[in-house]
Amino acid sequence: MTELNGPVVALVPAAGRGVRLGEDIPKAFVDLDGETMLERAVDGLLESEVVDRVVVVVPADMVHALEERLPDGVEVVVGGRERTDSVRAGLDSAADARYVLVHDAARSLTPLVLIRRVVAELRNGSDAVVPVLPVADTIKSVDEGGIVTGTPDRAGLRAVQTPQGFAADILRQAYAAADESATDDAGLVERIGHQVRTVTGEPHAFKITTQLDLLLARALLDARRKEGKQCESV
Ligand code: CTP
Ligand code: MG
């Protein structure tokens, strides 16, 4: 029987600059109601109680800004130019992992239930797990001149979130074979011919990419704080 126990190490890529968000500091260090996006993502992983260790991957010039800001035991490593380089750097610091979660710092409000769902599926024997949601928009492929080349059937499409979960040896194999970058880790696992299983995602695990996403995240936290106050006053 396959051994399904063993430590879960979560890698948190947070080394991007956040060009599309357009703030004057790297995206993961932007404040969300008193805590950075990165801190919120890390807190969620630790609070889920299904993660044994967290490794965050940050830009070299932000390492000092993290001193004493992250909970004890959280390891900090320096990332690279592409997201793939950053995850690879994190993976090098996860030799002890039986399972690896890769979770974008930019999905700062990810519900604990989603982290638990992904880990449960790994412990159930799946080697590669991604949370997905149906797509709301019709998606078209286009050529370089902006001309539509096709309309894939929306019913067969899904938008992919994180945390993505993997048996550590499978993710290591995928990264060893990777000769170019990918926008998600499961994409590299698919390339080595491995099956990737989907679980149901969560709307609140959306990625903060643009100012509109940031506005939504802040509004959600504001609503949460007001609800909390209401509960205290009854
Ligand atoms: N990331 C990383 N290293 C990189 C690029 C991205 O660790 N070289 C991380 C980001 O910090 C983020 C996650 O990967 O948490 C998802 O990437 P994305 O949302 O694209 O963030 P950025 O690359 O920072 O944003 P942009 O593409 O708008 O510059
Ligand atoms: Mg990016």
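**Exercise 1.** Which element gives the most to the lining of the second largest pocket, and with how many residues?

*Solution.* A quick note before we start: this is a predicted model.
- Step 1: get a feel for the space. The second largest pocket holds about 200 Å³.
- Step 2: look at its walls. There are 14 lining residues, and Arg-40, Gly-44, Glu-47, Ser-108 and Arg-224 lie nearest the centre.
- Step 3: pick out the elements that give two or more residues to this lining. They are helix H1 (37-47) and helix H3 (112-123).
- Step 4: H1 comes out on top, with 5 residues.
- Step 5: sort the lining by class, and you get 5 nonpolar, 4 polar and 5 charged residues.

**Exercise 2.** Now work out what lines the largest pocket, and which element supplies the largest share.

*Solution.*
- Step 1: the volume here is about 1200 Å³.
- Step 2: 41 residues line the largest pocket, with Arg-20, Lys-27, Arg-83, Asp-104 and Lys-207 nearest its centre.
- Step 3: at least two lining residues come from each of helix H2 (83-91), strand E7 (128-134) and strand E10 (158-160).
- Step 4: H2 takes the largest share, with 3 residues.
- Step 5: by class, the lining splits into 19 nonpolar, 12 polar and 10 charged residues.

**Exercise 3.** Find where ligand 1 sits, then describe its surroundings.

*Solution.*
- Step 1: ligand 1 takes up the space of the largest pocket.
- Step 2: count the shell. It has 18 residues, and the closest are Pro-13, Val-19, Lys-27, Ser-86 and Lys-207.
- Step 3: by class, that shell has 6 nonpolar, 4 polar and 8 charged residues.
- Step 4: go through some polar contacts, using a cut-off of 3.5 Å between N or O atoms. Lys-27 puts a polar side-chain atom 2.8 Å from an oxygen atom of ligand 1. Gly-16 uses its backbone instead, with a polar atom 3.0 Å from an oxygen of the ligand. Glu-82 has a backbone N or O atom 3.3 Å from a nitrogen atom of ligand 1.
- Step 5: check how covered the ligand is. On its own, ligand 1 exposes 560 Å², and the protein buries 87% of that.

**Exercise 4.** Track down a cis peptide bond and a positive phi in the backbone, and place each one.

*Solution.*
- Step 1: recall the usual background. Most peptide bonds are trans, and most residues other than glycine have a negative phi.
- Step 2: go to Thr-162 and Pro-163. The bond joining them is cis, with omega at about 10°.
- Step 3: place the proline. Pro-163 lies in the loop between E10 and strand E11 (164-167). E10 should ring a bell from Exercise 2, as one of the elements that supply the lining of the largest pocket.
- Step 4: now turn to Asp-33. Its phi is positive, near 55°, and it isn't a glycine.
- Step 5: place Asp-33 too, in the loop between strand E2 (31-32) and strand E3 (35-36).

How values were computed
Residues numbered from 1 in each chain as written. Chains lettered and ligands numbered in written order. Predicted model: local features only at pLDDT ≥ 70, side-chain atom pairs only at ≥ 80, totals over all residues. Heavy atoms only, no water. Near = heavy atom within 4 Å. Polar contact = N/O pair within 3.5 Å; in protein donor to acceptor, adjacent residues only side chain to side chain. Areas by Shrake-Rupley, 256 points an atom, 1.4 Å probe, with all protein chains shown as cover. 1 Å grid on protein atoms, 1.4 Å probe; cavity = no way out; pocket = protein on both sides within 12 Å on 5 of 7 lines; lining within 4 Å. Sits in = over half its atoms within 2 Å of the grid points. Nonpolar A, V, L, I, M, F, W, Y, C, P; charged D, E, K, R; others polar. Points joined across faces, edges and corners; volume = space filled by probe spheres on them. Helix = DSSP H or I, 4+ residues; strand = E, 2+ residues; numbered from the N terminus.
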